[in-house]
Amino acid sequence: AQFAELSNKIRYAAGKKRSEEALAASERQFNLLFEHMNAGFALHEILLDTSGKPIDYRYLAINPAFEKLTGLSAGALLGRTVREVLPGTEEYWISTCGEIALTGASRQFENSSAVLGKWYDVLAYSPAYGQFAVSIQDITERKTAEEKLRKSHDELHAANEQLAASEEEMRSQLDEIITIRDQLDESNEYLENLITYANAPIIVWDKRCRITRFNNAFGTLTGIVPDEAIGKDLTILFPEERRDVAMDLIRRAMAGETWDVVEIPIQHRSGEVRTVLWNSANIRGSDGKTIIATIAQGQDITERKKAELAFLQKTEELHQKNEELAASEEEIRHSLEEMTAQELAIRKKTKELEERYRFEELVRQIVSRFIRTDDFDQNIRASLADIGTYCVASRSYIFELRNNREVMDNTYE
C-alpha cells in the first residue's frame, strides 16, 4: 500500500512537472508571439463615471508592434490613461471600446485617430469584464490610396460630365449658328420696320451730313415725308436762328463725340419750332475706327418744357405769397408781443391794487376795533396779531421812543 501511494505521488509529481514545463513552454511561445507579431496588441481596462458611463481607459500591456504602429513607447503608455497620453482622442474610441469591455462582445472596425494622424484596422474583444484587448494594423497607406482613387474617380466623373456638357454646348452653339443664319435674311427687314415704325423720331446721316434714314415719327415731327428727306442736307431740319449751333453739335458728333442728352430745336414745315431731346451713336466701318454714319434718336419735350415754364411761374407766385405771409406773420407776432406786455402790466397793477386794498382793510379793521371797545391792551395785541397775519410773520412788536429819541422800548409783543 505504501508503495502504491509512493508510486502515485511520484506519478503526480512527474505529471505536475510536465504540466509546468508545458505551461512554461506555452508562455514562452506566447511571449515570443506577443513580442514578434506584426499586429499591434494592447490590453486595457475601461474607466467609468459614477453613472457607469465609459469616460477613459488605461493601458495594461502593449507589444512592440503597438509601439511601432502608434509611435508611442511602453514607458509612456503603461499605467496611464488615453486621455492623459492623448488628450485629443476622439470620443468614439472610448465609447466603442467601453461597450466591448462591458458587454463581452467583439468587433472589427476601421477608424482614424486624428491625434496620431493614422487609420487603423481594429479587432477588439473582451478577455474579462471591464477589460478589452485590441489587435491593430496600420491601414493609413491603403486609406490614402483609396482617397486618392476616390478623388481620381470624382475628377474623372467631373471631366466626363464637363465633356458631355461641352459637347452639348457645342451642339447648342451649332444649332444657334444655324438659327442665326436662318434669321439673317429676315433681320434687315426687321430692323427696317423697327426704325420706320418706332414711336421715337430716328434719323441717320452720312459723313457729308446727308440724310440716309428718316422714319415716320421724324416725318410727323417735321411735316416732311420720309422719302423727300432722303439725300437732303441736315440744315433743312433746324430754324434759321439756331442752325449754326445745331450743325456745330452735329460736326462734333461726327468727330467722335456722343450725345447722351442734348437739346436741339427742330422746325416743322408749318413754321412751329419743337424742342427735341437727342442722343446719338456713331456707326463705324469694318476697321472699327472710321466713322461712316451717325444715328440719332429724339424725344419731343416741347410740352414738358411748357409745363416746366408754367411750373416756374407758379413757383415764383407761390414764393411771393410766402413772403407776404411771412410779413403778415411778423406783424401778428409784434401785436401779440404788445398784447402780452399790456397783460403783464395789468396783472402788476391788479396785484398792487389788491395789496393796497388788503392794507386799507387792515387799517380799517384796527381802527374799528379801537372804536368798538375801550380795552386798549387787548386791542393792541389783536392788532399786532392782524399785522403779523398780513406780513406773514410769527411775531409783531410795538416800540416806544424815549424822550431822548435815542432809545426804544419794547412796549407790546
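The following paragraphs describe the fold of a predicted model, its two sheets and a few selected residues.

The chain has 413 residues, and 27% of them are buried. Its secondary structure comprises 11 helices and 12 strands. The exposed surface is about 29000 Å², of which carbon and sulfur atoms supply 54%. Among contacts with a separation of 6 or more, 41% link residues 24 or more positions apart.

One open sheet contains 5 strands in the order β2-β1-β5-β4-β3, with antiparallel pairing. Strands β2 (54-62) and β3 (107-113) form its edges, and each pairs on one side only. From one strand to the next, the twist averages 35°. Within this sheet, β4 (residues 118-125) and β5 (residues 131-138) run antiparallel and are joined by 6 bridges. D121 faces Q137 of β5 across this pairing. Helix α5 (residues 91-103) lies across β1 (40-48), β2, β3, β4 and β5. Its direction is at about 160° to that of β3.

A further open sheet, also of 5 strands, follows the order β7-β6-β10-β9-β8. Its pairing is antiparallel. The edges are β7 (211-214) and β8 (262-267). Each has a single partner strand, so one side of each is left without a neighbour in the sheet. Neighbouring strands are turned by 35° against each other on average, direction ignored. Helix α10 (residues 302-372) packs on this sheet and touches β8, β9 and β10. The direction of α10 makes about 130° with that of β9.

The strand pairs of this sheet can be taken in turn. Strands β6 (residues 202-206) and β10 (residues 291-300) pair in the antiparallel sense over 5 bridges. Here D206 has A293 of β10 as its bridge partner. Strands β9 and β10 also run antiparallel, joined by 9 bridges. L277 is bridged to Q299 in β10. These two strands form a hairpin with 6 residues between them. In its turn, G288 has a positive phi of about 75°. Strands β8 and β9 pair antiparallel over 6 bridges. V262 stands opposite W278 in β9. This pair, too, is a hairpin, with 5 residues between the strands. G271 in that turn has a positive phi of about 105°.

R284 lies in strand β9 (residues 273-284). At a relative accessible area of 39%, R284 is partly exposed, because this value falls between the 20% limit for buried and the 50% limit for exposed residues. Beyond four places in sequence, R284 touches K289, T290, I291 and I292. Its side chain reaches the backbone oxygen of K289 at 2.9 Å. The C-alpha atoms of R284 and T294 are separated by 8.7 Å, with the two residues 10 apart along the chain.

Helix α7 (residues 216-222) holds T222. L221 is also placed in α7. T222 is buried, with a relative accessible area of 1%. L221 has 9% relative accessibility and therefore counts as buried, the limit being under 20%. Neighbours within four places in sequence are left out of the contacts that follow. T222 is in contact with F214, L237, I266, Q267, H268 and R269. L221 is in contact with P201, I266, H268, R274, V276 and D300. I266 and H268 thus appear in the contacts of T222 and in those of L221. L237, a contact of T222, has its C-alpha atom 9.9 Å from that of L221, at 16 residues along the chain.

Helix α11 (residues 376-391) has 16 residues. From first C-alpha to last it reaches 22 Å, close to the 22 Å expected at 1.5 Å a residue. Its buried residues are N379, I380, S383, L384, D386, G388 and Y390. Just after α11, V392 takes a positive phi of about 55°.

Conventions:
Residues are numbered from 1 along each chain as its sequence is written. This is a predicted model: local features need pLDDT of at least 70, side-chain atom pairs count only at pLDDT 80 or more; totals for chains, interfaces and linings use all residues. Side-chain values use heavy atoms; hydrogens and water are left out. Helices (H or I, at least four residues) and strands (E, at least two) are DSSP runs, numbered from the N terminus. Buried means under 20% relative accessible area, exposed over 50%, partly exposed in between (1.4 Å probe, protein chains only). Contact means heavy atoms within 4.5 Å. Accessible areas come from the Shrake-Rupley method with a 1.4 Å probe; for residues, only the protein chains shown count as cover. A polar contact is a pair of N or O atoms within 3.5 Å; within protein, one must be able to donate a hydrogen and the other to accept it, and residues adjacent in sequence count only if both atoms are side-chain atoms. The expected span of a helix is 1.5 Å times one less than its number of residues. Two strands pair if DSSP finds at least two bridges between them. Axes are lines fitted to C-alpha atoms, for helices over the stretch in contact, and angles run from 0 to 180 degrees between N-to-C directions.
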